[in-house]
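Hi everyone, thanks for coming. Please have the sequence and the 3D view open while I talk, and stop me whenever you like.

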Amino acid sequence: MLLTDLTLAAMDPAAPGLLPHAAIALDGDRILWSGPKADLPPELRALPSRSLQGRLVTPALIDCHTHLVHAGHRAAEFEARLNGATYEQIARAGGGILSTVRATRAASEDDLVQSALPHLDALLADGSGTVEIKSGYGLDVETELRMLRAARTLGTLRSIEVKTTFLGAHAIPPEFAGRAGDYLTQIVLPTLRAAQAEGLVDAVDGFCEGIAFSPDDIATLFAEAGALKLPVKLHAEQLSHLGGAALAAQHNALSADHLEYATEDDARAMAASGTVAVLLPGAFYTLRERQAPPVAAFREHGVPMALATDCNPGSSPMSSLLLAMNMGCTLWGLTVREVWDAVTTHAARALRLPDRGRIAPGLRADLAIWDAESPAELVYRLGARPLHARIHGGQWC
């Protein structure tokens, strides 16, 4: 297929800036060629072509941190926070993650799939081609595996690639209150082994925080992930500084996520390990946080920054990557180019997917076609849905 008459935003360092009057040649699920239409090689001119009538083409977006699979909602907790309760107070009173655990344990696999589909469809409408989905609302063997199976099923029902992350170390269930170590050894590690044996897990995550798991707990989890040859990532430094970002860097984690309380030393360590900083403005906004992630330190030390929705029923009930990009700019001062890199090239890196996130020969043909003139226009509008079409694995969607 040959796409012509388009404005190209390749998000590729080898082809910076906007390129009007461009063309893209596809071969199956791969990009064969891209560049100025005038430079199209003669042997490609005979391909079946489709004019995009000047529309903007970017890589399909990548949401590298979500909790799409869950049951129920937490609107009452949103109201409680408006009345002054903190996220930590709600969690310690049995709300927060544990309230979603109760609902998710009671849901069937089909219930979980059906409740996730509207959120997934919203991401598709925003131009997404790849999404990461975590477990972590089961906190027992059966429900954690059921969540991962539901996530895999979602990838068969829509034209999107789903990457699954095991997050059994998300919270300590009531039946293990005060016994985080026992929960890890009796539930988390056996469930991780079962998930790996069933082919349900692409990466391993944990929540390193005072209301969740200590760095020592996470180190135990990461050791098991290493034995299973699974990459790791970590919810780190969201509500306090416990050393999670440094621990993630020590283990060459794909990403450390949230990071509001990360330090310049953390940035240095993450830069040295190649760990991506995944910033989650939806949670920052919803929880009305004041401590912003150290964007300047990440820039100074060359830490790649990704953005994601963190779509979940409590702290970030958001299913729009375009909105997350706007928030990254308005809340934290990221540039338009930084937020586009954050949902394409750097998000791909956070999921260990080097074959996407840019438009260049040999990469996967995951494209978003927009009724817009520039990437800045897509970041600046609020509530707009300017997507014209997607191409997923070379197929028009």
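**Pockets, a cavity and a helix**

Let's begin with the second largest pocket, which holds about 260 Å³ of space. Before we go on, please keep in mind that this is a predicted model. Which residues line this pocket? They are R81, G84, A85, T86, Y87, E88, L239, Y261, T286, L287, R288 and E289. Sorted by class, that lining has 5 nonpolar, 3 polar and 4 charged residues.

Now the largest pocket. Here we have about 320 Å³ of space. Its lining is made of 19 residues, and the closest to the centre are A91, R92, L98, I172 and I211. By class, we get 12 nonpolar, 6 polar and 1 charged residues. Which helices should you look for? Both α2 (87-92) and α3 (97-105) supply at least two residues of the lining. The most comes from α2, with 3 residues.

From pockets we go to cavities. How many cavities of 30 Å³ or more does a search of the whole structure find? The search finds 1. The volume of the largest cavity is about 100 Å³. Around the largest cavity there are 13 lining residues, and H67, Y87, H170, N312 and S315 lie nearest its centre. The lining splits into 4 nonpolar, 7 polar and 2 charged residues. You may recognise Y87, since that residue also lines the second largest pocket.

Let's stay with H170 for a moment. You'll find H170 in the loop between β8 and α6. Is H170 buried or exposed? Its relative accessibility is 4%, and the cut-off for buried is under 20%, so H170 counts as buried. Setting aside residues up to four places away in sequence, H170 touches H67, I97, G136, Y137, L139, F207, A212 and F213.

One of those partners, L139, deserves a look of its own. L139 sits in the loop between β7 (128-134) and α5 (141-157). Its phi is near 60°, a positive value in a residue other than glycine. L139 is also buried, with a relative accessible area of 1%.

Where else can we see a positive phi? Try H258, with a phi near 90°, again in a residue other than glycine. H258 belongs to strand β11, and with a relative accessible area of 2% this residue is buried.

While we are on β11, which covers residues 255-258, let's look at S255 in that strand. S255 has a relative accessible area of 0%, so this residue is buried. What does S255 contact, leaving aside its neighbours within four places in sequence? The list is V232, K233, L234, T275, V276, V278 and A350.

Next, a helix: α7, residues 215-227. This helix has 13 residues and reaches 18 Å from its first C-alpha to its last, close to the 18 Å expected at 1.5 Å a residue. Which of its residues are buried? They are D217, I218, L221, F222, E224 and A225. Looking down the axis of α7, these buried residues fall within an arc of 160°, so they line one face of the helix. Here is a handy rule for reading such a pattern: an α-helix has 3.6 residues a turn, so residues three or four places apart point the same way. On the other side of α7, D216 and A227 are exposed.

What do the buried residues of α7 pack against? Their partners are β8 (161-169), α6 (180-197), β9 (203-208), β10 (233-236) and α8 (244-250). After α7 comes K229, whose phi is positive, near 60°.

My last stop is L120, in helix α4 (residues 109-125). With a relative accessible area of 0%, L120 is buried. Beyond its neighbours within four places in sequence, L120 is in contact with L68, V131, L154, R158 and I160. Take L68 from that list: L120 and L68 are 52 residues apart in sequence and 7.4 Å apart in space, C-alpha to C-alpha.

If you want somewhere to start clicking afterwards, try H170, one of the residues nearest the centre of the largest cavity, and then find L139, which H170 touches. Thanks for listening, and I'm happy to take questions.

Technical notes. Residues are numbered from 1 along each chain as its sequence is written. This is a predicted model: local features need pLDDT of at least 70, side-chain atom pairs count only at pLDDT 80 or more; totals for chains, interfaces and linings use all residues. Side-chain values use heavy atoms; hydrogens and water are left out. Helices (H or I, at least four residues) and strands (E, at least two) are DSSP runs, numbered from the N terminus. Buried means under 20% relative accessible area, exposed over 50%, partly exposed in between (1.4 Å probe, protein chains only). Contact means heavy atoms within 4.5 Å. The expected span of a helix is 1.5 Å times one less than its number of residues. The arc is that of the directions from the helix axis to the C-beta atoms. On a 1 Å grid over the protein atoms alone, a cavity is a set of points where a 1.4 Å probe fits but cannot get out, and a pocket is an open set with protein on both sides within 12 Å along at least five of seven lines; lining residues have an atom within 4 Å of a point. Grid points are joined across faces, edges and corners, and a volume is the space filled by probe spheres set on the points. Ala, Val, Leu, Ile, Met, Phe, Trp, Tyr, Cys and Pro count as nonpolar, Asp, Glu, Lys and Arg as charged, and the others, Gly among them, as polar.
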